[in-house]
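Some questions on loops, strands and salt bridges follow. Each is answered from the structure shown here.

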Amino acid sequence: MHHALRSSLILLALIGGNAAATSHSLGIERKQYGESIAYDMNAAGQVAAVIKEKDGTPHAVFVQNGKLIKLEMPGETESEAKRINDKGDIVGSSKKGDIWRAFIRNRDREVKDLGTLGGPHSYGAAINNAGMVAGFSDTPDRDWHAFLYQPGEALQDLGTLGGRVSYASGINNAGEVTGTSMITDGSRHAFLYKKDTGMVDLGTLGGRYSAGTAINDQGAVVGTSEMKDRRWHAFVHDGKQMVDLGAKIGFGDSFATGINNDGHVVGVVDTQDLRLSFVWRDNKMTLHPAGKSLYLTNAINNVGQVIGASYDRGLNAATMPSNAIPFVDVGGDKILGFNVLTVLVAAAIAIFRKRIKGLFFESRLFFRT
């Protein structure tokens with residue numbers, strides 16, 4: 001064995017080894033259902049997930065205690081489940097013909113079509129415990145606008161930050177919404193919407209773009225921002241300023257995808273050859289290689305479970321405790337030599353080069369629109 005390769009593997013074993021985080025499969029049988037991704041899980045362990053057929057066609061499912069319930073309705077060809085509230089209500093989108101519509105469904109497959117903002121399509125992205133939904137819809141002039149749904153009312157158009165399009169991706173129990181909007185110069189910025197202030201621009205970390213992905217009940221927003229050097233850094237906006245979590249990681253492109261009411265943030269880090277998941281909690285950053293933990297992180301709930309998917313020749317819906325023993329423990333702004341380790345491991349075992357279609361992060365698609 002080449003000396004550098006052997007040294008890298010030994011170093012990986014010593015630092016990672018059996019102490020590295022381990023994800024827990026939700027038990028969705030791949031031979032029966034195909035690949036699967038968990039998008040959200042409430043405190044009762046009820047899960048909003050998506051299974052994918054061999055041709056990649058997605059279908060929304062409800063999962064509890066290993067039991068899977070398909071949420072397909074007559075005439076549907078595709079569907080997606082994005083979030084679940086404490087009551088077990090799931091928000092997502094379904095496709096009939098060429099038309100996508102946002103929905104709320106429960107485990108008994110009772111369904112509420114949320115309508116649109118005047119165009120043919122709508123997509124449901126997030127739901128709170130009062131049944132309020134955030135998402136996005138096309139308008140009569142075929143632009144896309146973020147919306148807020150309140151039970152018994154028509155969709156509310158949240159407008160934009162001056163451009164033509166906006167997308168909502170998260171909502172908290174106060175009805176505050178985050179997402180991404182085009183501004184007047186055509187770039188896109190994360191926003192926070194409140195009833196009394198409307199849509200507020202959260203800015204960036206120095207680049208042209210940012211995207212809000214989730215919000216907790218304290219109004220803290222997480223997402224990702226382009227930097228001046230065109231790299232991407234995860235952030236948390238605490239209501240006053242955008243805090244750079246990517247700087248605390250110190251390498252790669254990072255994307256925050258979830259935050260709970262304790263302020264714990266989860267996301268992923270990408271380098272050319274390596275994928276890791278991260279957890280920021282109690283002022284400490286922990287990093288986990290995707291082979292030992294989650295390849296996708298889509299949410300973190302209020303009991304500290306990170307929800308997403310592992311990867312083993314295909315995606316498998318899985319969770320991981322947010323306090324799992326870290327592969328690398330980062331306190332404050334110090335990386336403890338992780339840059340060196342990453343280079344060695346990436347050079348020795350570049351196993352995460354393959355990228356999966358339709359990954360967790362809608363904003364990457366958004367930036368291409």
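Q: In this predicted model, which two strands flank the loop that holds N65?
A: N65 sits in a loop, not in a strand. The strand before the loop covers residues 58-64, and the strand after it covers residues 67-70. The two are strand 4 and strand 5.

Q: Is N65 buried or exposed?
A: Over 50% relative accessible area counts as exposed. N65 has a relative accessible area of 75%. N65 is therefore exposed.

Q: What is the phi of N65?
A: N65 is a residue other than glycine. Its phi is nevertheless positive. The value is near 50 degrees.

Q: Where is R313, and what is its phi?
A: R313 lies in the loop between strand 27 (305-311) and strand 28 (315-321). R313 counts as exposed, at 70% relative accessibility. R313 is not a glycine, yet its phi is positive, at about 60 degrees.

Q: How many of the seven residues of strand 6 are buried?
A: Strand 6 spans residues 78-84. The rest of the structure largely encloses it, because most of its residues are buried: five of the seven.

Q: How many bridges join strand 6 to strand 7?
A: Strand 7 covers residues 90-96. The two strands run antiparallel. I84 faces I90 of strand 7 across the pair. The bridges between the strands number six.

Q: Which residue in the turn between strand 6 and strand 7 has a positive phi?
A: The two strands form a hairpin. Five residues lie between them. The one with a phi of about 90 degrees is G88.

Q: Which residue forms a salt bridge with E80, and is that partner buried or exposed?
A: E80 is partly exposed, at 24% relative accessible area. Its salt-bridge partner is K82, with the closest N and O atoms 4.0 Å apart. Buried means under 20%. K82 has a relative accessible area of 12%, so K82 is buried.

Q: How many residues apart are D113 and R101?
A: D113 and R101 form a salt bridge, with 3.6 Å between the closest N and O atoms. This pair links distant parts of the chain, D113 being in strand 9 (residues 111-113) and R101 in strand 8 (residues 99-105). The separation is twelve residues.

Q: What are the relative accessibilities of D113 and R101?
A: Partly exposed lies between 20% and 50%. D113 counts as partly exposed, and R101 does too. The values are 39% for D113 and 27% for R101.

Q: How far apart are the closest N and O atoms of R281 and D282?
A: R281 is partly exposed, with 22% relative accessible area. D282 counts as exposed, at 60%. The two form a salt bridge, and the closest N and O atoms are 3.3 Å apart.

Q: Which residues are joined into one network by salt bridges that share partners?
A: The structure holds eleven salt bridges. Some of them share partners and so connect into one network. The residues joined are R208, E226 and R230.

Q: Which residues does K228 contact, its neighbours within four places in sequence aside?
A: K228 is in the loop between strand 19 (221-226) and strand 20 (232-237). K228 counts as exposed, at 69% relative accessibility. L205 is 23 residues away in sequence, yet 7.8 Å away in space, C-alpha to C-alpha. The contacts of K228 are G206 and G207.

Note on methods:
Residues are numbered from 1 along each chain as its sequence is written. This is a predicted model: local features need pLDDT of at least 70, side-chain atom pairs count only at pLDDT 80 or more; totals for chains, interfaces and linings use all residues. Side-chain values use heavy atoms; hydrogens and water are left out. Helices (H or I, at least four residues) and strands (E, at least two) are DSSP runs, numbered from the N terminus. Buried means under 20% relative accessible area, exposed over 50%, partly exposed in between (1.4 Å probe, protein chains only). Contact means heavy atoms within 4.5 Å. A salt bridge is a side-chain nitrogen of Lys or Arg within 4 Å of a carboxyl oxygen of Asp or Glu. Two strands pair if DSSP finds at least two bridges between them.
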